[in-house]
Amino acid sequence: MRQAETVAARGDDLRLRAGDRERERAAQELRAHHLAGRLDAAELDERLGLAYAARTLGDLAELLEDLPELAARGVVLPDPPRLPRPRVGMPGLVRFHQVHELPSEVGEAYLEAMSRMVPAMQSFGYDVVERRRDESLVFERDETPGWAPFVAVLAFPVGLLALLVDRATRVRVDFSPRPGGRCRLVVSGEARRPVRKAFAGLADAG
């Protein structure tokens, strides 16, 4: 596995926890590779999401291991652009990933999420299944698979049993501090359009 010098200094333990500086540096490298044509838009979006959610230096190095070293060649990395407004996407149960920057510190953003986000998600039928103060919230809800109604109709009446099939879907929210007393929110998981649209509204708070 390539150890990117811009992410972790040579000899560093890749098991060490990554910080905001390392995550942002990796994100800048990924954007530079996108501009150079090595990553398409979908690949960039996917890898940026993983970069901002990375827990260790090794997680970041994996995102760059199949890309050439930029900093070693004296390439000037571009400044990170302003985060675009997240795309809500089509109706239905689909995977999504959003990154938001809020004008409040992590602790304040977490308390705000507990008082507003948690009740809102509960109104959508989600339960809080994991929470780490000032770090993350994980929501879960049981969903009927999209194919179940078709089976119920095509194989009626036995097919009605398909409507009893449920699977758990999750939405994870990660909090991390940003320079200037701001907070970065990374929201990822699988949800229906109203939930994705509600989270996209966080862009207005930045």
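# Burial, ring pairs and contacts

Student: What makes F175 count as buried?

Tutor: F175 has 6% relative accessibility. Buried means under 20% relative accessible area, exposed means over 50%, and partly exposed lies in between, using a 1.4 Å probe and the protein chains only. The value of 6% is under that first limit, so F175 counts as buried. This is a predicted model, in which local features need pLDDT of at least 70, side-chain atom pairs count only at pLDDT 80 or more, and totals for chains, interfaces and linings use all residues. Residues are numbered from 1 along each chain as its sequence is written, and side-chain values use heavy atoms, with hydrogens and water left out.

Student: How many aromatic pairs does the structure hold?

Tutor: There are two aromatic pairs. One of them joins F96 and F199, with 6.4 Å between centres and 35 degrees between planes. This pair links distant parts of the chain, since F96 is in strand β1 (residues 94-102) and F199 in helix α6 (residues 193-200), 103 residues apart.

Student: Why is the pair of F96 and F199 called tilted?

Tutor: Rings of Phe, Tyr and Trp (its six-membered ring) pair if their centres lie within 6.5 Å; planes under 30 degrees apart are stacked, over 60 edge-to-face, and the rest tilted. The centres are 6.4 Å apart, so the rings pair, and an angle of 35 degrees falls in the remaining class, tilted.

Student: How do you know whether F96 and F199 are buried or exposed?

Tutor: F96 has a relative accessible area of 11%, so F96 is buried. F199, at 3%, is buried too.

Student: What makes the pair of Y110 and F175 edge-to-face?

Tutor: Their planes are 65 degrees apart and their centres 5.4 Å apart. An angle of 65 degrees is over the limit for edge-to-face, so the pair gets that name. Y110 sits in helix α4 (residues 106-123) and F175 in strand β4 (residues 167-178), 65 residues apart in the chain. Y110 is buried, at 4% relative accessibility.

Student: Why is R184 said to lie over the face of Y52?

Tutor: A charge sits over a ring if NZ of Lys or CZ of Arg is within 6 Å of the ring centre and within 35 degrees of the ring normal. R184 is at 4.0 Å from the ring centre of Y52, so the distance condition is met.

Student: What makes α1 largely enclosed by the rest of the structure?

Tutor: Of its 16 residues, 12 are buried, so α1 is largely enclosed. The cover of its buried residues includes α2 (41-52), α3 (57-64), β4 and β5 (182-191). L30 belongs to this helix, residues 20-35, and is buried at 0% relative accessibility.

Student: Which residues does L30 touch, not counting residues up to four places away in sequence?

Tutor: L30 touches L39, L44, R47, L48, A51, L63, L64 and L67, where contact means heavy atoms within 4.5 Å. L30 and L67 are 37 residues apart in sequence, with their C-alpha atoms 8.9 Å apart in space.

Student: How do you know that the reach of α1 is close to what is expected?

Tutor: The expected span of a helix is 1.5 Å times one less than its number of residues. For the 16 residues of α1 this gives 22 Å, and the helix reaches 23 Å from its first C-alpha to its last, close to that value.

How values were computed. Helices (H or I, at least four residues) and strands (E, at least two) are DSSP runs, numbered from the N terminus.
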